[in-house]
Amino acid sequence: MVQSSTILSLTAATAATGLLAYAVYFDYQRRADPNFRRNLRREERRQARAEKEEAVAQNKQKRKDVQQLVDRATEEGYPSGVNEREQFFMDQVQQGEMLASDPSKTLEAGLAFYKALKVYPTPGDLISIYDKTVDKRVLDVLAEMIAYDKNLDLGSGINLSDIPTVGLD
């Protein structure tokens with residue numbers, strides 16, 4: 001009677017031999033057959049093109065999501081009283097900081113910081129503060145929101161081109 005360890009050893013050896021034989025065959029085909037090499041290059045280019053198209057589609061979807069969030073925030077409105085604006089600002093900054101710690105909630109964090117920016121008296125100064133304190137992922141989302149919102153008055157105190165990390169990527 002054959003022991004089970006012998007059977008397992010033979011099975012593993014057969015699988016390893018088959019894998020090695022396939023690797024040798026693949027390498028031989030890659031080196032010797034011009035059609036095989038051409039097909040490999042075509043497949044590589046096709047895959048790279050598909051990845052690029054997917055990245056473009058994701059970027060468009062992200063931009064669309066950002067625009068929808070900004071539109072929804074504008075529809076909801078912002079407080080008008082001084083005390084209400086101050087409390088709203090503090091709540092949004094706190095919420096943004098909590099959400100920014102989770103990489104999966106980048107859009108929500110950007111929205112919270114954007115809402116705080118909308119009620120801040122000097123948004124240009126706040127952008128400078130955000131640039132020093134907020135994570136780059138969230139800052140990029142915030143930059144897209146600012147670029148989309150044509151009604152946001154940044155004041156004359158800041159030039160977005162002076163901020164090195166806003167919108168770079």
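At 2% relative accessibility, Val70 counts as buried, a term applied to residues with under 20% relative accessible area, whereas exposed denotes over 50% and partly exposed the range in between (1.4 Å probe, protein chains only). Val70 lies in helix H2, helices (H or I, at least four residues) and strands (E, at least two) being DSSP runs numbered from the N terminus. Contacts of Val70, defined by heavy atoms within 4.5 Å, are formed with Tyr114, Met145, Tyr148 and Asp149 when neighbours within four places in sequence are left aside. Val70 and Lys115 are separated by 45 residues in sequence and by 8.8 Å in space, C-alpha to C-alpha. The structure is a predicted model, in which local features need pLDDT of at least 70 and side-chain atom pairs count only at pLDDT 80 or more, while totals for chains, interfaces and linings use all residues. Residues are numbered from 1 along each chain as its sequence is written, and side-chain values use heavy atoms, with hydrogens and water left out.

The protein chain contains six helices and zero strands, giving the pattern α-α-α-α-α-α along the sequence. Of its 169 residues, 26% count as buried. Among contacts between residues at least 6 apart in sequence, 66% join residues at least 24 apart.

Helix H2 comprises 43 residues, and its end C-alpha atoms are 63 Å apart, in agreement with the 63 Å expected at 1.5 Å a residue; the expected span is 1.5 Å times one less than the number of residues. At the start of H2, a side-chain oxygen of Asp33 comes to within 3.2 Å of the backbone nitrogen of Asn35. After H2 comes Gly77, with a positive phi near 85°. The buried residues of H2 include Val66, Leu69, Val70 and Ala73, and the buried residues of this helix pack against H4 and H6.

Two packed helices are described by the angle between their axes and the distance between the axes. For H2 and H6, the angle is about 65° and the axes are 10 Å apart, where axes are lines fitted to C-alpha atoms, for helices over the stretch in contact, and angles run from 0 to 180 degrees between N-to-C directions. The crossing of H2 and H6 is right-handed, meaning that the near helix is turned clockwise from the far one by less than a right angle, with anticlockwise giving a left-handed crossing. On the H2 side, Lys62, Arg63, Val66, Gln67, Leu69, Val70 and Asp71 meet Val141, Glu144, Met145 and Tyr148 in H6.

The 13 residues of H6 should span 18 Å at 1.5 Å a residue, and its end C-alpha atoms are indeed 18 Å apart. Buried positions in H6 are Val138, Leu139, Asp140, Val141, Leu142, Ala143, Met145 and Ile146. The buried residues of H6 pack against H2, H3, H4 and H5. In the segment after H6 is Asp149, which counts as buried at 9% relative accessibility. Not counting residues up to four places away in sequence, Asp149 touches Val70, Tyr114 and Lys118. The side chains of Asp149 and Lys118 are joined by a polar contact of 2.8 Å. Such a contact is a pair of N or O atoms within 3.5 Å; within protein, one must be able to donate a hydrogen and the other to accept it, and residues adjacent in sequence count only if both atoms are side-chain atoms.

The largest nonpolar core has 27 residues, and those with the most contacts inside it are Phe113, Leu117, Tyr130, Leu142 and Met145. A nonpolar core is a set of buried Ala, Val, Leu, Ile, Met, Phe, Trp, Tyr and Cys residues joined through side-chain atoms within 4.5 Å. At least two residues of the largest core are supplied by each of H2 (34-76), H3 (82-100), H4 (106-119), H5 (123-133) and H6 (136-148), and H4 provides the largest share, seven residues. Leaving aside its neighbours within four places in sequence, Phe113 is in contact with Val93, Gly96, Glu97, Ala100, Tyr130, Val134, Val138 and Leu142.

Helices H4 and H5 pack at an angle of about 150°, with axes 8 Å apart, and their crossing is right-handed. This contact involves Phe113, Ala116 and Leu117 of H4 together with Pro123, Leu126, Ile127 and Tyr130 of H5.

In helix H1 (residues 4-32), Thr17 is exposed, with a relative accessible area of 52%. A polar atom of the Thr17 side chain lies 2.7 Å from the backbone oxygen of Ala13.
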